Amino acid sequence: MTVPQPPEPIPGARLLFSLDPSVSHLNHGSFGAVPIGVQRAQQRLRDEMESNPLRFFTQGLVDRIAHTRRHLAGFLGADPDGTALVGNATTGVAVVLQSLGLRPGDEVLTTDHGYGAVGFSVQRECRRTGATHRALHVPLTASDEEVVEIVRAGLRPGRTKLLVIDQLTSATARLFPAAAVVGVAREHGVPVLVDAAHAPGMLPITVASIGADFWVGNLHKWAFAPRGTAALVVAPPWRERIEPLVVSWEQETGFPARVEWQATLDYTSWLAAPAGLFTLRSLGLDRVRAHNAALAAYGQRVVGDALGVAPADLPEPGGPTVSMRLIPLPRGVATTMDAAKALGARIAERLAAEVAVMTWNDRGWLRLCGQIYNTPDEYDRLAVRLPALLAKG
Ligand SMILES: Cc1ncc(COP(=O)(O)O)c(C=O)c1O
């Protein structure tokens with residue numbers, strides 16, 4: 001079976017990271033990996049903070065955060081005045097949900113590709129307010145047009161107070177047509193939150209052009225920021241309605257500072273985030289994206305072949321720079337979250353490979369990522385050894 005050529009490696013890229021060299025790190029998507037230069041930039045900020053905490057927090061920190069926010073918003077193509085830095089995508093989602101003022105009879109609509117913790121957050125807000133949660137089924141093979149039609153048919157105007165759609169799904173590594181979905185929801189007067197946790201750095205996005213009411217993305221995955229760096233982008237009509245989860249000293253300043261300032265926290269991840277963008281830009285954004293997507297596609301094919309999956313049964317991600325790919329596991333494997341977790345741990349322990357094992361719609365899936373520190377032989381080794389490990393049960 002012919003496998004696509006792997007991409008040319010980016011010379012020296014592995015040395016930019018402090019990753020354990022005895023392990024294949026094939027799951028950048030879950031928690032990212034922070035380049036050493038970015039770790040150092042954050043450490044320098046921490047040194048500055050610890051040299052005089054009072055001065056660090058009280059002399060100009062709010063302005064430094066605002067400056068960083070403008071820089072990161074520029075990278076994302078988002079309105080800086082509508083962008084708030086938050087700790088992670090989950091926090092951004094919770095901020096939006098609890099600012100909506102849901103009431104009994106309202107509903108929040110999601111899809112069955114949504115991120116698990118986001119689903120829990122929606123459910124809790126619905127329980128708290130008497131609203132309901134409904135998830136639309138979107139087949140894995142649905143075309144973009146079909147996704148838009150499923151959403152159109154699922155909206156209940158007047159009742160659906162929020163639609164949450166992923167830009168790139170976690171469990172199924174699928175790019176959704178976010179702008180088109182926003183367009184159809186807008187026609188029906190339904191606000192949309194785009195969960196773009198994986199988009200910054202990986203996808204060539206301009207957040208403003210998506211037109212969502214709310215958009216949330218992590219910079220600590222594919223944009224090489226220190227963990228704890230995400231952006232919540234809010235359309236103008238909503239900005240003054242957005243309340244932070246925790247009220248603090250910038251409450252009266254309004255959005256975005258009231259969301260960002262959370263008292264005595266460590267803000268150095270945000271301040272060091274531009275160093276992550278610098279790393280990406282100096283390697284070449286297009287080059288990194290093309291490399292990662294091609295390597296993920298290579299990994300999908302070699303591991304898929306090893307498991308006897310026909311190329312036609314390997315899900316397509318839906319976009320040229322998507323750097324995560326899915327491989328179906330044999331029927332009966334990893335069909336529950338517990339079983340998926342256990343299999344992921346076994347692969348890590350026995351094959352020295354960190355991978356994501358997912359359960360989606362009662363089927364187990366392996367999700368492989370491509371990143372600049374990965375090489376084709378890491379996927380080759382997994383392909384050689386995984387079938388025997390699965391056969392042992
Ligand atoms: C689609 C999606 N939404 C939300 C999240 C949550 O991100 P975080 O853990 O940074 O809050 C993730 C994490 O992988 C994700 O994939």
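A residue counts as near the ligand here if one of its heavy atoms lies within 4 Å of it. Keep that cut-off in mind. And note that this is a predicted model.

So, the ligand. Which residues are around it? Going along the chain, we start with Asn88, Ala89 and Thr90, then Tyr115. Next come Asp166 and Ser170, followed by Asp195, Ala197 and His198. Asn218, His220 and Lys221 complete the list.

Now sort that shell by class. Six residues are polar, three are nonpolar and three are charged.

On to the polar contacts. Three side chains to look at. Lysine 221 places a polar side-chain atom 2.7 Å from a ligand oxygen. For histidine 220, a polar side-chain atom is 2.9 Å from an oxygen atom of the ligand. Asparagine 218 has a side-chain N or O atom, also at 2.9 Å from a ligand oxygen.

How much of the ligand's accessible area does the protein cover? On its own, the ligand has 390 Å² of accessible area, and the protein covers 91% of that. Where does the ligand sit? In the largest pocket.

Away from the ligand, let's turn to salt bridges. How many does the structure hold? The count is 16. Here is the general idea: side chains of opposite charge can pair when their charged atoms come close.

Take one example. Glutamate 48 pairs with arginine 64 in a salt bridge, and their closest N and O atoms are 2.8 Å apart. What does this pair tie together? Glutamate 48 is in helix α2, residues 36-51, and arginine 64 is in helix α4, residues 61-76, so the bridge links parts 16 residues apart in sequence.

Notes:
Residues are numbered from 1 along each chain as its sequence is written. This is a predicted model: local features need pLDDT of at least 70, side-chain atom pairs count only at pLDDT 80 or more; totals for chains, interfaces and linings use all residues. Side-chain values use heavy atoms; hydrogens and water are left out. A polar contact is a pair of N or O atoms within 3.5 Å; within protein, one must be able to donate a hydrogen and the other to accept it, and residues adjacent in sequence count only if both atoms are side-chain atoms. Accessible areas come from the Shrake-Rupley method with a 1.4 Å probe; for residues, only the protein chains shown count as cover. On a 1 Å grid over the protein atoms alone, a cavity is a set of points where a 1.4 Å probe fits but cannot get out, and a pocket is an open set with protein on both sides within 12 Å along at least five of seven lines; lining residues have an atom within 4 Å of a point. A molecule sits in a cavity or pocket if more than half of its atoms lie within 2 Å of its grid points. Ala, Val, Leu, Ile, Met, Phe, Trp, Tyr, Cys and Pro count as nonpolar, Asp, Glu, Lys and Arg as charged, and the others, Gly among them, as polar. A salt bridge is a side-chain nitrogen of Lys or Arg within 4 Å of a carboxyl oxygen of Asp or Glu. Helices (H or I, at least four residues) and strands (E, at least two) are DSSP runs, numbered from the N terminus.
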